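Please read the following explanation with the sequence and the three-dimensional structure side by side, and follow each element in the viewer as the text comes to it.

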Amino acid sequence: MSILDSLRPKGDAVEIPLVYVRDAVVFPHTIAPVLAATKFCITASEVAGKADKQIFISLLKNIPPDGANDIDVQEIGTVSHVLQSIKLADGSVRLLVEGQRRARLRRTVFRKEYLGAIVDLLPDDEQMLPDDKEFSALVQIVRRDFANYAELVKKIPTEVLHAVQRAEDPHKLCDTVANAMGLKIERKQDLLSVVPVRERLEATAQTLSQDIELLSIQKRISQKVRARMDKTQKDYFLQEQLKEINKELGREDDENEFAELLGRIESKNPPQEVLDKAKKELARLAKLQPLSPEAGVIRGYCEWLADLPWSARTAEAKDLAAAKLALDEDHYGMKKVKERILEFIAVRQLNSSLKGPILCLVGPPGTGKTSLGRSIARALNRDFVRMSLGGVRDEAEIRGHRKTYVGALPGKIVQSMRKAGSTNPVFLLDEIDKMSSDFRGDPASALLEVLDPEQNATFVDHYLELPCDLSGVMFVTTANGVQSIPYALLDRMELIEIPGYSEYEKLEIAKHFIVPKQITENGLGGSGLRIRDDAILEIIRHYTMESGVRSLERQIAHVIRKTAEQAVNAGYATGEKPINEFKRIIGAASLQKLIGKRRHENDLVFSEPGPGLACGLAWTEMGGTVLPVEASGFEGEGELILTGNLGDVMKESARAALTYLRAHAADYGLATKNFSGRTMHIHVPEGAIPKDGPSAGITLAAAIASALTVRPLSPGWAMTGEITLTGRILAIGGVKEKILAAHRNKIYKVLLPEANRKDLDDIPTEVSTAMEFRFTSTIADAFSILLPDARPVMNPIKPGRKKTVKTP
């Protein structure tokens with residue numbers, strides 16, 4: 001007989017071996033595994049196995065410390081029958097038990113090596129009354145909700161579902177449902193501890209309702225997640241299929257290439273408009289066959305987007321002293337340009353948003369305009385790019401071709417920006433005056449947007465079709481003259497004139513820049529080679545004829561190469577003699593042996609004064625030059641003959657000079673018969689060279705007056721100035737170049753318009769101190785200097801007689 005059978009109607013307390021557990025709640029009418037892990041529980045299971053196999057299983061409230069005898073367990077537990085007992089390797093016992101009755105623990109008693117539980121069995125024979133509709137409704141709710149729960153969980157065995165539907169005993173119904181639900185241990189213990197059957201049904205129904213609601217929410221979330229995952233898995237599956245297809249077609253690397261391209265573009269931090277365009281083009285490219293022509297065009301377009309510096313900038317120099325030193329190291333003189341660059345650096349520190357200036361360096365060839373652009377970039381610590389505009393006649397060279405054309409490329413502006421690698425380089429537009437135009441467009445008009453600070457922030461290249469910000473670029477243009485530059489383009493640039501160099505300036509440039517450079521380049525660095533000043537001056541005066549120093553550098557290089565040849569012949573290149581032992585001093589007398597005879601003498605200058613001879617000064621793109629003028633009168637029809645390849649303006653100046661002298665003949669001792677029946681012939685030598693301009697007016701007037709009065713001009717004078725019919729002398733340009741030309745040809749007295757007095761500030765001191773300048777505002781004042789002893793001519797040349805005038 002079991003203990004349960006011995007406990008009868010009065011429900012007297014009984015002692016049963018106690019097995020307390022940590023992670024399990026055993027319900028009546030269910031089978032469950034239980035672990036007996038402590039020595040008390042192991043001994044209790046052994047004692048029960050030797051008796052009637054009845055144990056009382058209760059859930060621990062708190063885990064006792066090791067060696068403690070006072071065990072705190074739940075008041076309500078389950079009297080269970082041990083079906084199977086298995087000893088484990090660690091000494092614990094795995095029990096398979098069947099729950100039989102709930103019981104209430106009164107107290108525990110210590111029985112040597114195990115604990116005994118004094119318990120009262122709880123009633124389990126309550127039946128619902130036939131007319132108790134509320135009770136019946138609770139049972140139906142529990143059955144229905146459990147069915148719904150089972151449908152949501154999908155893990156409830158069919159036999160459990162049938163057992164719930166057939167259960168008549170309310171307690172058995174609650175026990176079966178609570179055991180089948182995946183509840184936490186605490187919630188299972190709460191359901192086990194409810195004693196009144198109605199309250200227990202309500203608690204079970206409430207628990208079912210809560211779990212059903214939670215499971216429904218989880219199901220909805222799971223369905224949404226599954227839908228997304230299904231789409232992701234579908235996309236992954238399709239992508240894998242596409243990879244295999246592309247692999248068969250030889251396109252397995254395309255996707256990586258597209259991703260790399262997009263990553264390169266994004267790394268340049270371009271504007272959003274550029275990024276959107278790139279993504280659109282790459283999406284188009286992904287749909288095309290790799291060998292199709294359009295795919296090549298789009299791929300090339302995206303490569304350009306990835307290569308351009310959309311946001312990269314270089315840190316600009318802020319040290320004015322260091323910038324000035326950098327400019328002085330590279331170029332001698334050029335005061336105006338250097339001051340303008342230092343001004344820009346200073347203002348940039350006060351206003352970081354200042355846009356880059358657009359400078360136009362105008363001067364003769366060889367004066368260092370192009371190399372100055374690189375020096376400016378070094379002083380500003382910016383990247384440097386150069387674009388030559390000489391001979392450019394197609395607008396597409398500036399703006400590029402539209403990418404629909406075969407072989408289309410961006411314009412030179414965008415190409416140079418890619419080469420620079422930053423958005424704020426120094427951009428040199430070389431030879432801007434050498435552009436031309438034809439049916440393909442006018443490149444000068446395309447440059448209007450590039451060189452306008454108000455527009456170049458959104459410069460659009462035809463190839464890119466996207467705005468490029470050029471506002472941070474410092475544009476520097478070079479030109480030999482501004483006559484051929486359109487006014488609209490010229491108006492956008494800040495003109496800085498770079499005049500030709502004087503002999504002294506050329507000497508300093510040669511000593512400090514050219515000679516050291518050429519000695520190093522020609523392998524004589526470290527040697528004792530020295531070129532004396534007299535040799536350099538000889539080269540300047542008689543082997544070159546220019547305003548710049550380009551030919552000077554070539555001739556000096558020629559001298560050094562010849563010297564290097566001599567050093568090699570002497571054994572300094574074979575290792576027999578070290579190059580630092582080579583000594584050579586080159587003077588003026590050595591030049592003819594090294595580089596041949598003189599190539600240039602001075603400009604054509606009349607060595608002896610004579611009637612009708614005058615010396616003018618002219619400006620050319622090569623610098624200043626002396627302009628000799630010859631005038632001769634003879635019996636004729638009273639016409640004016642002009643020869644020497646003269647332009648219209650110069651011809652008009654000659655006519656104006658002759659008209660002035662006719663009107664003021666009496667002032668200079670001339671009569672009407674000096675003009676009537678006489679032809680005046682004016683010739684400007686070197687007739688193969690075109691000549692034009694108004695500045696020869698005073699020279700032509702002086703030559704005509706000298707010829708008419710048959711008296712030579714005061715010797716040693718050169719002159720320049722525009723004249724009017726009323727006898728005024730107007731200002732002219734190119735004063736520095738003209739004065740340097742006079743100094744170069746050893747003409748030390750110059751007659752200038754009064755309005756040009758201010759231009760003497762630009763003349764080098766060593767030149768101005770060696771020369772005499774006279775300023776006049778009228779022709780009469782000029783003639784008082786040039787023809788001081790002019791008086792009436794009593795015996796003019798009679799018809800039929802010839803007077804020979806000696807001219808060089």
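The paragraphs below lead through a predicted model, taking up strands, helices, salt bridges, surface and loops in turn.

A convenient place to begin is strand β3, which spans residues 54-59 and is mostly covered, with 6 of its 6 residues buried. Both of its faces are covered, since the list of buried residues includes Q54, F56 and S58 on one side and I55, I57 and L59 on the other. Strand β3 also has partners: strand β1, residues 14-21, runs parallel to β3 and is joined to it by 4 bridges, with V19 standing opposite I57. With strand β4, residues 76-87, the pairing of β3 is antiparallel and again extends over 4 bridges, and here F56 of β3 stands opposite V79. Both senses of pairing are to be expected in general, because strands of a sheet pair through backbone hydrogen bonds, either parallel or antiparallel.

Further along the chain, 5 strands form an open sheet in the order β8-β9-β12-β7-β13, with parallel pairing. Its edge strands are β8, residues 384-388, and β13, residues 494-497, each of which pairs on one side only. Averaged over the sheet and with direction ignored, neighbouring strands are turned by 20 degrees against each other. Within this arrangement, strand β7 (residues 358-362) and strand β12 (residues 474-479) run parallel and are joined by 5 bridges, and L361 stands opposite T478 in β12. Helix α12, residues 335-350, packs on the sheet, where it touches β7, β12 and β13, and its direction makes about 140 degrees with that of β13.

Another strand can be viewed through a single residue, T776, which is placed in strand β24, residues 772-776. Is T776 buried or exposed? Its relative accessibility is 3%, and therefore T776 counts as buried. When neighbours within four places in sequence are left aside, T776 is in contact with I729, L751, L752, P753, E754, D781, A782 and I785.

The charged side chains give a second way of reading the model, which holds 37 salt bridges. In one of these, E134 pairs with R198, the closest N and O atoms being 3.9 Å apart. This pair links distant parts of the chain, with E134 in helix α3 (residues 133-153) and R198 in helix α7, 64 residues apart. R198 has a relative accessible area of 29% and is therefore partly exposed.

Helix α7 takes part in another such link, in which D211 forms a salt bridge with R187 and the closest N and O atoms are 3.2 Å apart. Because D211 lies in helix α7 and R187 in helix α6, residues 185-193, the pair ties together parts that are 24 residues apart in sequence. D211 counts as buried at 10% relative accessibility, whereas R187, at 28%, counts as partly exposed.

A further salt bridge joins R378 to E329, with 3.2 Å between the closest N and O atoms. It too links distant parts of the chain, R378 being in helix α13 and E329 in helix α11 (residues 320-330), 49 residues apart. Here R378 is partly exposed at a relative accessible area of 43%, and E329 is partly exposed at 44%. Beyond such pairs, R264, E303, D307 and R418 are linked in a network of salt bridges.

Helix α7 also bears on the surface of the model. I217, I221, V225 and M229 form a nonpolar patch there, with about 320 Å² of accessible area together. Of these residues, I221 lies in helix α7, residues 197-249, and at 48% relative accessibility I221 counts as partly exposed.

Two loop residues remain to be considered for their backbone angles. In general, most residues other than glycine have a negative phi. Phi of N381, however, is near 60 degrees, a positive value in a residue other than glycine. N381 lies in the loop between α13 (369-380) and β8, and its relative accessibility of 45% makes it count as partly exposed. E686 likewise has a phi near 60 degrees, which is positive although the residue is not glycine. Where is E686 found? It is in the loop between β19 (678-683) and α23 (697-709), and with a relative accessible area of 49% E686 is partly exposed.

Key
Residues are numbered from 1 along each chain as its sequence is written. This is a predicted model: local features need pLDDT of at least 70, side-chain atom pairs count only at pLDDT 80 or more; totals for chains, interfaces and linings use all residues. Side-chain values use heavy atoms; hydrogens and water are left out. Patches are made of residues with over 30% relative accessible area and no salt bridge: like charges are joined within 9 Å, nonpolar side chains (Val, Leu, Ile, Met, Phe, Trp, Tyr) within 5 Å. Accessible areas come from the Shrake-Rupley method with a 1.4 Å probe; for residues, only the protein chains shown count as cover. A salt bridge is a side-chain nitrogen of Lys or Arg within 4 Å of a carboxyl oxygen of Asp or Glu. Helices (H or I, at least four residues) and strands (E, at least two) are DSSP runs, numbered from the N terminus. Buried means under 20% relative accessible area, exposed over 50%, partly exposed in between (1.4 Å probe, protein chains only). Contact means heavy atoms within 4.5 Å. Two strands pair if DSSP finds at least two bridges between them. Axes are lines fitted to C-alpha atoms, for helices over the stretch in contact, and angles run from 0 to 180 degrees between N-to-C directions.
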